[in-house]
Amino acid sequence: MLSPRILHRVSSLVERKVNVNNISLNIVEGGSGSKSVLLMPGLMGSIWSDFKHQVQQLPELLPNHKIIAWDPPGYGKSTPPQRNWHVNSLHEDAELAVDLMRNLGRPKFSMVAWSSGAMTAIIAASRHQQNVDKIVMWGGSAYLTQREIKSYKQSRDVSKWPVHMLEPMERIYGADKFPQLWSEFVDAICALDSERGGDFCKDDLKNVTAPIFLLHGKRDFVKDPEHVHYFKQRLNVKRYHEFPEGKHNIHLRYPDEFNRLVADFLLDQSEKS
């Protein structure tokens, strides 16, 4: 049974659909502060699979913030449309994220971004510097290494995935549809490799002025560790925190510590561009 405190957190959240550029987007909102935070999910993740702990805890830790989580087009409950994967998919997500926040009357906001959501946040912050206040990011990369590209190609047959990885995706997208969606994503990765050498957003890094809190799971085997050093050299990284035993999903594995670190950074007025 949920405790009264957790029940209050859940009951204070509002989940609804908003129309942005003729796309119906699913969002969850919590808190009522004048400042805004947009949660950016990872690859084919959703609000509730990726950010359950954050939407429940951050409104209490950040009382002067409105916390907004979204399902990008084709993710989670933002269907239809079906996800259309191509080499510019994350760029389109970046523009739509900014338009979403404008639509909500919150054009200035911070981003808390995981994995592919981190790349989307970088692109948004590069092209809309006046809109993005701060970025918290982990598990991302500006490009794909050859090992990562090979790993994605080998993952095409989802029937070979571990059950704990496959079942959450099947719950969201259906056991009949997810294999096709994932195969289309792998096709996009192959195109990114052949057309751009695996480059997601390297050119965008130089234009990002927002202060960044970079977190990392030391045992993240999804992303090569070189990405951390690459970001540190090229972004306005104000803080860095490493979880020695953490993997790719540090926000799910260590939610209480993770959320406190995020809140401390977002509340610190000295951490500005």
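This note goes through the domains, their interface, the salt bridges and some backbone features of a predicted model.

1. Basis of the note. Because the model is predicted, local features need pLDDT of at least 70 and side-chain atom pairs count only at pLDDT 80 or more, whereas totals for chains, interfaces and linings use all residues. Residues are numbered from 1 along each chain as its sequence is written, and side-chain values use heavy atoms, with hydrogens and water left out.

2. Domains. The protein is split into domain 1, made up of residues 14-143 + 199-267, and domain 2, which covers 144-198; these bounds come from an automatic or database domain assignment. Taken over C-alpha atoms, the centres of domain 1 and domain 2 are separated by 21 Å. The contact between them, where contact means heavy atoms within 4.5 Å, draws on 24 residues from domain 1 and 22 residues from domain 2.

3. Buried area. The size of an interface is often given as the accessible area lost when the parts come together. Domain 1 and domain 2 bury about 1900 Å² between them, and 57% of this lies on carbon and sulfur atoms; the value is the accessible area (1.4 Å probe) that two parts lose on being put together, summed over both. On the side of domain 1, M44, V87 and D199 supply 34% of the area buried against domain 2, more than any other three residues.

4. Polar features of the interface. Between domain 1 and domain 2 the count is one salt bridge, defined as a side-chain nitrogen of Lys or Arg within 4 Å of a carboxyl oxygen of Asp or Glu. D224 and R147 form a salt bridge in which the closest N and O atoms are 2.6 Å apart. Across the interface there are also 12 residue pairs in polar contact, both residues being at pLDDT 80 or more; a polar contact is a pair of N or O atoms within 3.5 Å, where within protein one must be able to donate a hydrogen and the other to accept it, and residues adjacent in sequence count only if both atoms are side-chain atoms.

5. A further salt bridge. By the same rule the count comes to 12 salt bridges. One of them pairs E15 with K77, with the closest N and O atoms 3.2 Å apart. E15 lies in strand β1 (residues 14-20) and K77 in the loop between β4 (65-71) and α4 (89-103), so the pair ties together parts that are 62 residues apart in sequence. Helices (H or I, at least four residues) and strands (E, at least two) are DSSP runs, numbered from the N terminus.

6. Backbone points to check. Most residues other than glycine have a negative phi, and most peptide bonds are trans. A cis peptide bond joins T79 and P80, with omega about -10 degrees, and the bond from P80 to P81 is also cis, with omega near 10 degrees. P80 is found in the loop between β4 and α4, as is P81. Positive phi values occur at N21, near 55 degrees, and at N22, near 65 degrees. The loop between β1 and β2 (23-30) holds N21, and N22 is found there as well.
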